[in-house]
Structure formats: structure tokens, C-alpha cells
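I begin these entries with one residue and its surroundings, and then turn to helix packing and the nonpolar cores.

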Amino acid sequence: MTSTETTPWLPTDWAHPTRVELPTGHHLRPIHPDDTELDMPAVMGSRERLWSIYGEAWGWPPAEMTAEQDREDLQHHWDEVQAHQSFNYAVLDAEETELVGCVYIDPTDKAGADADISWWVRDEHLGSEVEAALDAFVPCWIAEEWPLQAPRYVGRDLTWAAWLAIPRQRPGGATTGASGTLEELFGA
């Protein structure tokens, strides 16, 4: 995903957090292509539920994905983080032997917010202490550390269906249809 060239969504001198600790001993850091071996089992092991959340909106995760495809996707996310276009934070255990989930912080082209934020944990962590910590942590972290005025927590503040129904806005204020995959919306 990319932000528009004419309207930067973050101050040019702002530095994104590179590591953030959770009270559970887990931490967040930008995902990297070297995380492929941790990302693959997290995503594909929770694929059905992740598709039920992100599938209609993003067309992700695919039914089948090779390690090379995942590495390319993670490289794309890493490049976006470095350019401050979009952010994908991995939620990792202390030793970085398990990717527990991800947090996405994206610019939006939909009215009512300056960023769309969502997160997930692996199926085996649903209802866990780490999921509860993440649910409490992310909105506070965004409010305290990110230069956003109106973050929208998709899947929390509103459903994905409601988010999909919000018309897209093009630069200059024109609106378009509400649906579209990540690739259609942002050329991802």
C-alpha cells in the first residue's frame, strides 16, 4: 500500500518505533523477509480465520502460498516500512522463535480517518493473555507514539463489512466504489 504523493500521511521527520515491548514478554517490531520461516506457519496455520477477516477486503491470505511468495510479500512490507508508506509489525515471543500475530498500520483513502489499523493473533493464541494485552496495547500505543489524528481500528471500531462500504476517496475529494483488494486499492 502506498500513500498519495501529494498528501503525506506522516511527518517527514518522524521516526517509526523499531521495537515495542508488551507486558507479556512479547514484542512488536517491523516484519522482515528473514521472518518467512516464522510467518508461514502463523499465517497458513490460521489461514481460514484470517481469510474470514481479511479475505474480502485484501484478498489475503491466499489458499496456497510458497515460502518464496511469502518472502516477497514480507520484502514488500519491509520496503513500505522503510519508506513510511505502511507498517506491518510482527508480534514475536521474547526469543523470536514464534510469530504470534501482526499489527497493520496503513494510510487510508476512505473518509473518517487518517489511518486504518488492524491486528491478529494465531488461532492458538485466541483468548490468550497475549491477545488481551495486544487488544489493550495497540490503541494506547497509537495514541501515544504515532502522529495520527483520527486512527480507525478496523474490526474493532467498525466491522470489515462496514469498512468496505465506505467509499474510497481519490486525491481531490472524488469518491469511487467501496470494494477492492489491496492490489486494486494500492498496487500492492
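Entry 1. I looked up the accessibility of I117 in this predicted model. Its relative accessibility is 0%, and buried means under 20%, so I117 counts as buried. I then placed I117 in the fold: this residue belongs to strand β5, residues 115-121.

Entry 2. I asked which residues I117 touches beyond those up to four places away in sequence. I found Y104, I105, V138, I142, L148, P151, R152, Y153 and V154. I also checked I117 against D157: these two are 40 residues apart along the chain, and 10.0 Å separates their C-alpha atoms.

Entry 3. I examined how helix α1 (residues 36-45) meets helix α3 (residues 67-82). Their axes come within 10 Å and cross at roughly 105°. Angles of 65 to 115 degrees count as roughly perpendicular, and α1 and α3 are therefore roughly perpendicular to each other. On the α1 side I noted T36, D39 and M40, and on the α3 side A67, D70, R71 and L74. I sorted the residues of this contact into 3 nonpolar, 1 polar and 3 charged.

Entry 4. I turned to the largest nonpolar core, which has 26 residues. L28, V103, I105 and W141 have the most contacts inside it. Two or more residues each come from β3 (87-92), β4 (99-106), β5 and α4 (129-145). The most come from α4, which gives 6 residues.

Entry 5. I followed L28 further, leaving aside neighbours within four places in sequence. Its contacts include V20, Y89, V91, V103, L134, F137 and W141. Apart from this core I recorded another, of 24 residues, with A57, L74, W160 and W163 among them.

How values were computed
Residues are numbered from 1 along each chain as its sequence is written. This is a predicted model: local features need pLDDT of at least 70, side-chain atom pairs count only at pLDDT 80 or more; totals for chains, interfaces and linings use all residues. Side-chain values use heavy atoms; hydrogens and water are left out. Helices (H or I, at least four residues) and strands (E, at least two) are DSSP runs, numbered from the N terminus. Buried means under 20% relative accessible area, exposed over 50%, partly exposed in between (1.4 Å probe, protein chains only). Contact means heavy atoms within 4.5 Å. Axes are lines fitted to C-alpha atoms, for helices over the stretch in contact, and angles run from 0 to 180 degrees between N-to-C directions. Angles under 35 degrees count as roughly parallel, over 145 as roughly antiparallel, 65 to 115 as roughly perpendicular and the rest as oblique. Ala, Val, Leu, Ile, Met, Phe, Trp, Tyr, Cys and Pro count as nonpolar, Asp, Glu, Lys and Arg as charged, and the others, Gly among them, as polar. A nonpolar core is a set of buried Ala, Val, Leu, Ile, Met, Phe, Trp, Tyr and Cys residues joined through side-chain atoms within 4.5 Å.
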